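Trainee: Please take a close look at one strand in this model. What does it pair with, and how does that part sit in the whole chain?

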Amino acid sequence: MQTNPNQTTRRAFIRGTVAGAAGLAALPSFSAALGANSDVRVAVIGFNGRGAGHIKSLLEIKGVRLVALCDVDNKVMAKHVEALAKKDIKVKQYKDFRECCADKDIDAVTIATPNHSHTLIAMTAIANGKHVYVEKPVCHNIWEGRKLVEAAAGAEKQGLVVQHGMQRRSSPGWQAAIDWVKAGNIGKVQLSRGINFKARKSIGKVAEPVKPDANGRIAATFRDTGGKPQIVDMDYTLWSAPRPVMPVQREQMHYDWHWQWAYGNGDIGNQGPHQLDVGRWALGNPEAPKRVMSFGGRWGYDDDGQTANNQMAFYQWAEGAPLLFDNRGLPMKDMNWTKGYEPVFRINGKTSAPRIGNVIHCEGGFVAEAKAYDNEGQAIQKFDNFDDGADHMKNFIDSVRVGKITNPNMHVSHGYQAAVLAHLSNASYRLGKQLSVAEVQERLANDKAGQETLADFVANLEANKIDLSAEKITAGPWLDFDPVSEKFTGEFAAEANKLAEDEYAAGFELPKIG
């Protein structure tokens, strides 16, 4: 509940706000371009993790006023309000994102809640005339992501900005690398590769799930990221939105939702969108591919996680080079979780690839993060100002001031297309069946890079004592996808299209924006 008695009451809000209206919502005009000399009044929604970085970045940008915070967790709210008070910054406090978005004293919102609520909150903010910065993945499924892009298109006509959280799009170094490849310096692109080797330990297995009370509140002890007891006190109905309320089936309330399908999208939808976005960027920003196939598994432990901890995905377009994504969550060997002990893939069997990053394979060499190499692995070009987009939030604020995206790299459609790649691969994986290594090799018989990467993928599993004859690979089918209708077609279309949408709880449907 809001703390300021002068703000809109909950009853009046539900009765009157455009985001809560059942009919078509027309965009209000109380936000839009602000001018160079006006303060930008911002609210941060969700700040137990990435959102804390939003707060830090916003406070460093001249002319920005952090005026409100919104989070369902009482302890998280109290911690950040206290920290801001020490800096003489007083903010309005909200639990309900709908009330926050309806506040006319807010110009823009940044969103860093769990994945499943990104689109709902973003569209609610748009419906209330707010500029929006939404973290990756911008959507939890393909259907709602398209709705967000459509809403953003309407918002642009009203001078509103909708920007994704793909920070590398603000990196001068990555822009230089993409331009250098596009100029043909090492020939045509033959393969775009995304890599995410990031150790992910078991999330544990609970004896029984935690249920909310009759008021939709959870007040219980979970564990924190370090394994210590953590008291959680939150409005769980609002946390769950737009999903129906279900008991919490995990030891850690925060973060480990990433590995459960109702809320997260696995690591290919967590860290993955950053590398999928750069991989797509290197191919010239094509729309969705026409074919996708993914395989993997959750190996090494039995826990409450549902998503793959090791996963490969293959994307093919009608024209141009393919994209390969390689995700690994186990350590280098022996299930040894010593920090920094992830495996390393060697390009052409020689050059170490980044553990988290991108490789652009071309006819005459390759780009691996900040450097370009010839095919023998000799460095031939270095790209300066190579970072993860330190000015990404500032770019958002600059766009807000003028009422339009100042760099097309920042458009939310890029965030959407990166998310689509993750969702496509997960659809294939979730429709998979158990196959032997030989059967997967046969499927990749005409793909040299795929075969080489699979061999390295399998070697890493075997080094961790995974018996792939007993714990076989879950291999999804090749899925055909129509990038125009954004629907799966072909043999597995019915099952795959069901996975392209989610269930929306009553009262938390996406707003209809006109």
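Mentor: Start with Arg291, whose bridge partner in strand 21 is Asp480. Strand 21 covers residues 479-482, runs antiparallel to strand 10 and is joined to strand 10 by 2 bridges. Two strands count as paired if DSSP finds at least two bridges between them. This is a predicted model, in which local features need pLDDT of at least 70 and side-chain atom pairs count only at pLDDT 80 or more, while totals for chains, interfaces and linings use all residues. Residues are numbered from 1 along each chain as its sequence is written, and side-chain values use heavy atoms, with hydrogens and water left out.

Arg291 also has a bridge partner in strand 11, namely Gln316. Strand 11 spans residues 310-316; 7 bridges join it, antiparallel, to strand 10. Then there is strand 20, residues 473-475, again antiparallel to strand 10, with 2 bridges. Here Gly296 is matched with Thr474. Strands are DSSP runs of E, at least two residues long; helices are runs of H or I, at least four; both are numbered from the N terminus.

Strand 10 itself runs over residues 291-297, and 6 of its 7 residues are buried. Buried means under 20% relative accessible area, exposed over 50%, partly exposed in between, with a 1.4 Å probe and protein chains only. In a regular strand, side chains alternate between the two faces of the sheet.

Now the wider frame. The chain has 14 helices and 22 strands. Its radius of gyration is 23 Å, close to the 24 Å that the globule rule gives for 514 residues, so the chain is as compact as a globular protein of that length. That radius is taken over C-alpha atoms; the rule is 2.2 Å times the number of residues to the power 0.38. The C-alpha trace spans about 65 × 55 × 45 Å along its principal axes.

Burial goes beyond strand 10: buried residues make up 56% of the 514. Helix 10, residues 392-402, is another mostly covered element, with 8 of its 11 residues buried. Among them are Phe396, Ile397 and Val400. Their cover includes strand 1 (40-45) and helix 2 (50-59). Just after helix 10, Gly403 takes a positive phi of about 75°.

Contacts, meaning heavy atoms within 4.5 Å, come next. Of those with a separation of 6 or more, 71% link residues 24 or more positions apart.
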